[in-house]
2 protein chains.
Amino acid sequence: MARIVQKYGGTSVADIDRIRSVAGRIKKVVDEGHEVIVVVSARSGVTNELIDRALSLNPTPNHREMDMLLAVGEQETIALVAMALHALGVPAVSRTGAQAGIVTDLAHTRARITGITCDSIEECLSEGQVVIVAGFQGVSPQGQITTLGRGGSDLSAIALASSLKADLCQIFTDVNGVYTADPRIVPNARKLDEISYDEMLELASLGSKVLQARSVEFAKKYGVLFEVRSSFNDSPGTLVKEEVASMEDVVVRGVALDKNQCKITVSDLPDKPGTAADIFKALSDEEILVDMIIQNVGRGGVANLTFTVSREDAERSRAAAQSVLEKIGEGNVDVAEGIAKLSVVGVGMRSHSGVAATLFQTLADNHINIGMISTSEIKISVVIDLERADEALRLVHEAYNL
Amino acid sequence: MARIVQKYGGTSVADIDRIRSVAGRIKKVVDEGHEVIVVVSARSGVTNELIDRALSLNPTPNHREMDMLLAVGEQETIALVAMALHALGVPAVSRTGAQAGIVTDLAHTRARITGITCDSIEECLSEGQVVIVAGFQGVSPQGQITTLGRGGSDLSAIALASSLKADLCQIFTDVNGVYTADPRIVPNARKLDEISYDEMLELASLGSKVLQARSVEFAKKYGVLFEVRSSFNDSPGTLVKEEVASMEDVVVRGVALDKNQCKITVSDLPDKPGTAADIFKALSDEEILVDMIIQNVGRGGVANLTFTVSREDAERSRAAAQSVLEKIGEGNVDVAEGIAKLSVVGVGMRSHSGVAATLFQTLADNHINIGMISTSEIKISVVIDLERADEALRLVHEAYNL
């Protein structure tokens, strides 16, 4: 007997038929004699409908009330899944985030889990019940309903798996697992059987939208083994786990493309200490996440600073940089869209040379220009033209024999 | 400064525009310097949608899960109303039934309120906030979400008004108040300015669908003054209160019609003790509410028993009676639809004679046959043909000069 946490996302419980199919899937695991804890999201579309209603009443809704509102999405799903299990003769009971003992801080709409009290769930499990927990939500010590922000249901599942000392956490979604590249762009991309937390983290933060980096970080920190797999078929997915020695034999695990970036260049800056700091302070005050950064000093002591941000943040970033330049009285800001970031990821890179050379050579052979380069221990990223991004991904995927 | 509880039903908060209009109405009361506690229902249609989803997954959904599911309807509304108030600059905070301290027993889907802990609401009121409470729901001492059954939101409002020692409880609905008769049938029916709890109780249980008897009983028991009024205009409604001396001057307060009844006749029964008891025991085991009852003994020691039940319960009632007859080995069951119950209500009846005579004379003059008669201290009911029911209501309304 194993203890298994399963998480089903919004598309997996979108309608009555899919809920019924999820219940069937849970029953199979129960019939094999396992203890099952299920974490579910709101039915897909429900959260957006609720947000639309809120915004049409109030363009800047209070965060506490927003949490009160959005928590209903998951509460609906847990009850429906429990009823579907009952219809199959499987004993099951639902739990809101609060009832499941998921305690968070008071940062409404982006709360952090501070602890989980598992007594209620343990009791239900010992009675032979499947426990269906509302993902994405928790409760503050003051009794307020909170939500965890984007990707919150994955985090609920991984945190519960950790607290309940589950043997496995399965994240069911609408893709079959983690691929060597996006299969919609690279038709011969291959599904990975396993991947390390660090590799998954680089992929998660690189536009491979399988899982939010936050959930992977949590899993890494607490050593939660989890599997990403599809709720629409029975194929095994990708196991995400601690790096093992054999993993290093694989030099490059996958390649990823982020088309949602834009490049901001601040030019003709005085080359003196503090200028870059002022600009990044202004961006951070606006809660803008900066990705790649390059600074170089040209002739005559004039510096150029280039960085990338999400396309949604382009105008706010320009304004933030502009406001600093106005105080300095020098410099220009330029926003370039039409770019993409291509990344090569693999823990084996650390001990293998030549990975970067292969990337640069492949792009050069095909006359694809490199705008920026950034590297980490297990990743190399380059900025290229958006127009040739898909082609570049296919070429690089090929070059590494993935 | 007064303390006022306002309750808005599903049609009053059906969509964004109506929620905005409810917020405007609340703001007016706040601007007059009053403390306001608002109880809301789910947006109309939402509860039925949720029930439909549940039933398509499981024809006999578990009651605990049903409560978990249905509670989301009101939770959505409280958040939206709070946001709408914020948009008008009114400080407001929402509270689920549990957060509002509404404690119930564990009888899921038809829980009874066992107590209300008002600390949290009192604290919000003292901070100058409007408190928006989810009606229809509560929490058991074990932390389970419960719902109060039909008319539950009215009960939440009246119970809160009692616990919070409110000066007034306003029940906003889609009618202007309580009328001397249904205005859709009797065009010259008059809205009543006031009515006693007992009269309202008789009307509530007689198809005048303004309020469930349960809420009126609670208000009577705890002496909660409440007003039934429309959320679609500013006209004063009907005040429901303890009977006062002057009320007795009015002999007949109103006339009501219940078209949702059917008559069940059990004939040729042996006239011996216990037969009727067995039949009513069988009906009560099926949780069927029996309204009027007549028994008479014909020649040869053979008894006939006639009673009325809701039309929905017709077939289950026939089956229950039949099962008793099979044990006895005698008797026949006959179900007659096509009937209506017409009732005349007024506390003044107790001290005035001639009320019944006027009723019988009016019906006789117009050749409307009376099938059954039943009376209480403040009510006379007769069963008549459904076909002539509307006409009879108009004639009787006229006869009492209402």
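Trainee: By what turn and what shift along the axis can chain A be laid on chain B?

Mentor: Two copies of a chain are related by a rotation about an axis and a shift along it. Here a turn of 179° and a shift of 0.0 Å along the axis lay chain A on chain B with an RMSD of 0.1 Å, which is the relation of a two-fold axis. In chain A, the C-alpha of A:Val72 is nearest the axis, at 2.5 Å. Copies are superposed by least squares on the C-alpha atoms of residues with pLDDT of at least 70 in both. The model is a predicted one, in which local features need pLDDT of at least 70 and side-chain atom pairs count only at pLDDT 80 or more, while totals for chains, interfaces and linings use all residues. Residues are numbered from 1 along each chain as its sequence is written, chains are lettered from A and ligands are numbered from 1, in the order in which they are written.

Trainee: How many residues of chain A are in contact with chain B, and which element gives the largest share of that side?

Mentor: Two residues are in contact if their C-beta atoms, placed from the backbone, lie within 7 Å. By that rule, 28 residues of chain A are in contact with 28 residues of chain B. On the side of chain A, two or more residues come from each of helix H1 (16–31), helix H2 (46–57) and helix H3 (63–87); the largest share, 14 residues, belongs to H3(A). Helices (H or I, at least four residues) and strands (E, at least two) are DSSP runs, numbered from the N terminus. By class, this side has 16 nonpolar, eight polar and four charged residues. Ala, Val, Leu, Ile, Met, Phe, Trp, Tyr, Cys and Pro count as nonpolar, Asp, Glu, Lys and Arg as charged, and the others, Gly among them, as polar. The copies meet through the same surface, because 100% of the interface residues of chain A are also interface residues in chain B.

Trainee: What share of the residues of chain A count as buried, and which residues have the most contacts inside the largest nonpolar core?

Mentor: A residue is buried if 20 or more other C-beta atoms, placed from the backbone, lie within 10 Å of its own, exposed if 12 or fewer, and partly exposed in between. Of the 402 residues of chain A, 47% count as buried. A nonpolar core is a set of buried Ala, Val, Leu, Ile, Met, Phe, Trp, Tyr and Cys residues joined through C-beta atoms within 7 Å. The largest such core has 236 residues, and A:Val38, A:Val81, B:Val38 and B:Val81 have the most contacts inside it. Leaving aside residues up to four places away in sequence, B:Val38 touches several residues, including B:Ile26, B:Val81 and B:Ile132.

Trainee: Is A:Val244 buried or exposed?

Mentor: A:Val244 has 10 C-beta neighbours inside 10 Å and therefore counts as exposed. A:Val244 lies in the loop between strand E12 (238–241) and strand E13 (254–270) of chain A. In chain B, the loop between strand E12 (238–241) and strand E13 (254–270) holds B:Val251, which counts as partly exposed with 19 such neighbours.

Trainee: In which sense do strands E17 and E18 of chain B pair?

Mentor: Two strands pair if DSSP finds at least two bridges between them. Strand E17 (residues 372–376) and strand E18 (residues 379–385) of chain B pair in the antiparallel sense over five bridges. A hairpin joins E17(B) to E18(B) through two residues, and B:Thr375 has B:Ile380 of E18(B) as its bridge partner.
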